[in-house]
Amino acid sequence: MSENNEQRDEHGHDDGHHVNYFKIYLILLVLFGISVIGPEVGAVTGLRWITLITAFGIAFVKARLVVNNFMHLAWEQRIAKWLLASSLILLLLFVAGVAPDVMNHEGNNWENVAAKQAVERGLAAASGYSEEEAESEGPLEGVIASGFSAQNSFGQICATCHGVGGEGDGAAGAALDPAPASFIDPVFWQGRDRDRIITVIRDGAAAVGGSALMAPWGALYTDDQLEQMADYVMSFRPNQ
Amino acid sequence: MAHARPIATTRSATGIPTPRLAIWWILASEVVIFGGLLGAYLMHRIGHPEWAEAASHTQTWIGAVNTFVLLTSSFTAVLAHQAAEKGKGKEAAKLLAFTILGALTFLMIKSYEWTIEIMAGYTITANTFWSFYYTAAGLHALHVIAGAIIMGFIAVDAYRGRELHRVEIIGIYWHFVDVVWIFLFPLLYIAK
């Protein structure tokens, strides 16, 4: 930590340590205010150093004020300071030793393939799909873990066989026999209602005597989400 | 039964009262615990530009309000220490009660925040950013809970004028919890 803290001198040698706690508290609040407003200014002006200094630089100043004046480390026996300093040094050693491997994803003779893929996937998700989906680790996890949308889920799971437009023309379904159902076909909807759609999504088509190729997906969805999925499938139904 | 104290509480080779030395030891280990966690987070954050998107979903204003709450509770904790030094047990107990109130406020705000996030699908398993988010803030929240409970016992004693030196010890711990949040706030909320 740096020595550039101007609040330090006034009680540096004050053995009675009469700290004006209220004053320290006010200074902390002002610094806190700057640490909130600073990054906003940094974002508006596009100057990243303003964000770094106001958010992280000020955190160190605040921590130092609290440690010295509230925890009274400034007046504590030297051994306590050495004790804490040893911990900090060990910590910095750990970070310095690990940082090159964690922060880089490749070196002279190595490559962190998983990390690179994670970055790629994450960035693609952030730009491509909706905001909620950006957190996804993979297509299925994205649907389960992040914000749910029937349309996105359909696009990621159902569309592989049933097609994005529900026409039964998804790439993975081309080789299937029987072919995946087309939801825009009026014939398909004869005798099929919302409850049956929900059952088939949840338990698979085999549960109602259909093809086992239509797998059960119940584990992916809550009851409410199942209904949303069914509604989305129903939206392909012609002449409604 | 004689009121013999364990020898360790009266002996002090360092010149530091033993309870205070003990809390410094605890904090020295806490530095590595929280430091290791936050250091790992920081390194991954720098190595993974895509985390910026996930981080943009944390609610800065909630984090800011909680920073204010903890700073204020640290202030009342140090005032409690000051009162205890002067032998004013009741005043120290009252100020500790305010500090506990701060801890409870902090935890209520935290619960509200996490509820919103979990309902929106940002759970601890959503991705590695959120794993760090919940682990770091959760470990910190456990410290807040532990501190508030211990402070309750100390406040009751202090009210009866007993064991006033403990007010300082719990205060030192509490300020440390505050310091950890001082770093968590920019790391999890400000750095978008």
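# Two helical chains in a predicted model

From the N terminus on, chain A runs α-α-α-α-α-α-α-α.

Me: This is a predicted model, so what is the strand count in chain A next to its eight helices?
Reply: Reading chain A from the N terminus, the elements go α-α-α-α-α-α-α-α. The secondary structure comes to eight helices, and the strand count is zero.

Me: How many helices does chain B have?
Reply: From its N terminus, chain B reads α-α-α-α-α-α. There are zero strands here, and the helix count is six.

Me: Which helix of chain A has the highest confidence?
Reply: Chain A as a whole has a mean pLDDT of 81, with 84% of its residues at 70 or more. At the bottom sits helix H5 (residues 139-145) of chain A, with a mean of 44. The top mean is 93, and it belongs to H3(A).

Me: Where in chain A does pLDDT stay under 50, and how many contacts does the model give that stretch beyond four places in sequence?
Reply: Where pLDDT is low, the predicted coordinates should not be read in detail. Residues 130-145 of chain A are below 50, with 42 contacts in the model beyond near neighbours in sequence. Residues 1-15 of chain A also stay under 50, and for them the contact count beyond four places is eight.

Me: Which element gives the largest share of the side of chain A that touches chain B?
Reply: The interface puts 48 residues of chain A in contact with 47 residues of chain B. On the chain A side, the elements that give two or more residues are helix H1 (21-45), helix H2 (48-70), helix H3 (78-103) and helix H4 (113-128). The largest share is 14 residues, and it comes from H3(A).

Me: How many residues on that side of chain A are nonpolar?
Reply: Take the residues of chain A that touch chain B and split them by type. Seven are polar and five are charged, while the nonpolar count is 36.

Me: What percentage of chain B is buried?
Reply: For chain A, 25% of the 240 residues count as buried. In chain B, which has 192 residues, the buried part is 45%.

Me: What share of the chain B contacts with a separation of 6 or more joins residues 24 or more positions apart?
Reply: In chain A, residues 24 or more positions apart account for 34% of the contacts with a separation of 6 or more. For chain B, the corresponding share is 78%.

Me: Which helix gives the largest share of the largest nonpolar core?
Reply: That core has 72 residues, and those with the most contacts inside it are B:Ala80, B:Ala92, B:Leu96, B:Ala158 and B:Val167. B:Ala158 touches B:Ala92, B:Leu96 and B:Val167, among others. The largest share of the core, 18 residues, comes from helix H6 (residues 165-190) of chain B.

Me: How many residues are in the other core, the one with A:Cys158?
Reply: This core lies apart from the largest one. Among its residues are A:Ile201, A:Ala230 and A:Tyr232, and its size is 14 residues.

Me: Is B:Leu104 exposed, partly exposed or buried?
Reply: B:Leu104 lies in helix H4 (residues 89-119) of chain B. It has 15 other C-beta atoms within 10 Å. Buried takes 20 or more and exposed takes 12 or fewer, so B:Leu104 is partly exposed.

Me: What is the distance between the end C-alpha atoms of helix H3 (residues 60-85) of chain B?
Reply: H3(B) has 26 residues, and at 1.5 Å a residue it should span 38 Å. The model agrees with that, because the end C-alpha atoms are apart by 38 Å.

Me: Which residue with a positive phi follows H3(B)?
Reply: Look just past the helix for a phi near 80°. The residue there is B:Gly87.

Definitions and conventions: Residues are numbered from 1 along each chain as its sequence is written. Chains are lettered from A and ligands numbered from 1 in the order in which they are written. This is a predicted model: local features need pLDDT of at least 70, side-chain atom pairs count only at pLDDT 80 or more; totals for chains, interfaces and linings use all residues. Two residues are in contact if their C-beta atoms, placed from the backbone, lie within 7 Å. Helices (H or I, at least four residues) and strands (E, at least two) are DSSP runs, numbered from the N terminus. Ala, Val, Leu, Ile, Met, Phe, Trp, Tyr, Cys and Pro count as nonpolar, Asp, Glu, Lys and Arg as charged, and the others, Gly among them, as polar. pLDDT is the predictor's confidence in each residue, from 0 to 100. The expected span of a helix is 1.5 Å times one less than its number of residues. A nonpolar core is a set of buried Ala, Val, Leu, Ile, Met, Phe, Trp, Tyr and Cys residues joined through C-beta atoms within 7 Å.
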